[in-house]
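Me: I have a structure in front of me and would like to learn how to read it. Can we go through some features one by one?

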Amino acid sequence: SKDLCLLAEVSLVRLYEIGYDYLESKYGTPILDGDKISGALLALGKFGGQELGYASDLELVFVYEGTGQTEGVKNTISNQEFFNKLVQWVNKSWSTKSDGIFEIDWRLRPYGEKGSWSVSLEFWKNYYLDEHKAHSIEVQAMCKMRSIAGGKWLRNECESFRDHVVYDLRQVDKEGFLKMRHLQIDSHVNSNCINAKYSPGGLVDIEYSIQYIQMEKGGQYPELRETNVVRVRRAMLNCGVIHPTLLE
């Protein structure tokens, strides 16, 4: 699982770097207040948690530092257009030998499939700070967000903001958790058989229960701000927020 994640991560980071250099040579350098800026490639889901299986999707979001324009060549474009092109280039250039293996999934970006391929840091933050825009499931998904490529300052800023939104800012939406689970069960579970992932007591319930405890206790115990489910369970045990029998 960890090795698969490393393989995907190294490949994506290199592809991102190649795409950035190519677009920079064509459209110029993205500039904000006179300085060169970068973006941050954010992994979520099993990719963010370093829990990939052979058929897992690579859930990604792309954030860039701020609005402005490129400089350096005649064919200049806005920073948003530059980074949209970069994300689309990465998406188009990524390929695997078999369909359904390591497919890139951008649906967790703000406003999902209707949203922009890339968003500025300010836009991204405002989306999560407004409870009328980001749904509780989107905030919950941030538990597993991990930056994998881009400028160091921006990557750190995104992860700090993740902690602020998930662990410091909002109350845990228990009703939202339960409503979402009922919808998943209705949509994915056939009454005549057991679904290991979506049936009551299945893998999704284990993961959501852990994330629920993370969001509830992560403000008090920074050790719980982990993206990997095995490591966070160990941290919960060490902090005393779960009983040892739950790990048997």
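Reply: Note first that this is a predicted model. Start with Asp168: it has a relative accessibility of 48%, so it counts as partly exposed.

Me: Which cut-offs put Asp168 in the class partly exposed?

Reply: A residue under 20% is buried, one over 50% is exposed, and one in between is partly exposed. Asp168, at 48%, therefore falls in the middle class. Arg225 is also partly exposed, at 24% relative accessibility.

Me: How do the side chains of Arg225 and Asp168 meet?

Reply: They form a salt bridge, with N and O 3.2 Å apart. The pair links distant parts of the chain: Asp168 belongs to helix 6 (residues 152-169), Arg225 to the loop between helix 8 and helix 9, and 57 residues separate them.

Me: How many salt bridges does a search of the whole structure find?

Reply: The search gives ten. One of them joins Lys144 to Glu51, whose closest N and O atoms are 3.2 Å apart.

Me: Which parts does the pair of Lys144 and Glu51 tie together?

Reply: Look at where each residue sits. Lys144 is in the loop between helix 5 and strand 8 (146-150), and Glu51 is in the loop between helix 2 and strand 4 (58-64), so the salt bridge ties together parts 93 residues apart in sequence.

Me: Are Lys144 and Glu51 buried or exposed?

Reply: Both Lys144 and Glu51 are buried. Compare the salt bridge between Arg107 and Asp105, where the closest N and O atoms are 2.8 Å apart. Arg107 is exposed because its relative accessible area is 51%, while Asp105 is buried because its value is 9%.

Me: Now a strand. How many residues of strand 3 are buried?

Reply: Strand 3 (residues 39-44) is mostly covered, with six of its six residues buried. To read a strand, check which way each residue points. Gly39, Leu41 and Ala43 point one way, Ala40, Leu42 and Leu44 point the other way, and all are buried.

Me: What pairs with strand 3?

Reply: Strand 4 pairs with strand 3 in the antiparallel sense, over six bridges. Strand 8 also runs antiparallel to strand 3, joined to it by four bridges. For single residues, find the partner across the bridge: Ala43 has Leu60 in strand 4, and Leu41 stands opposite Ala149 in strand 8.

Me: Where is Asn228 found, and what does its side chain reach?

Reply: Asn228 is in the loop between helix 8 and helix 9. Its side chain reaches the backbone oxygen of Gly49 at 2.8 Å. With a relative accessible area of 9%, Asn228 is buried.

Me: Last, the pockets. What is the volume of the largest pocket?

Reply: The largest pocket has a volume of about 1,300 Å³. It is lined by 33 residues, and the closest to its centre are Glu59, Gln184, Lys197, Tyr198 and Tyr208. Next, see which elements supply the lining. Those giving two or more residues are helix 2 (45-48), helix 5 (136-141), helix 7 (174-188), helix 8 (203-217) and helix 9 (229-239).

Me: Which element gives the largest share of the lining, and what classes of residue make up the lining?

Reply: Helix 8 gives the largest share, seven residues. By class, the lining has 13 nonpolar, eight polar and twelve charged residues.

Methods: Residues are numbered from 1 along each chain as its sequence is written. This is a predicted model: local features need pLDDT of at least 70, side-chain atom pairs count only at pLDDT 80 or more; totals for chains, interfaces and linings use all residues. Side-chain values use heavy atoms; hydrogens and water are left out. On a 1 Å grid over the protein atoms alone, a cavity is a set of points where a 1.4 Å probe fits but cannot get out, and a pocket is an open set with protein on both sides within 12 Å along at least five of seven lines; lining residues have an atom within 4 Å of a point. Grid points are joined across faces, edges and corners, and a volume is the space filled by probe spheres set on the points. Ala, Val, Leu, Ile, Met, Phe, Trp, Tyr, Cys and Pro count as nonpolar, Asp, Glu, Lys and Arg as charged, and the others, Gly among them, as polar. A salt bridge is a side-chain nitrogen of Lys or Arg within 4 Å of a carboxyl oxygen of Asp or Glu. Buried means under 20% relative accessible area, exposed over 50%, partly exposed in between (1.4 Å probe, protein chains only). Two strands pair if DSSP finds at least two bridges between them. A polar contact is a pair of N or O atoms within 3.5 Å; within protein, one must be able to donate a hydrogen and the other to accept it, and residues adjacent in sequence count only if both atoms are side-chain atoms.
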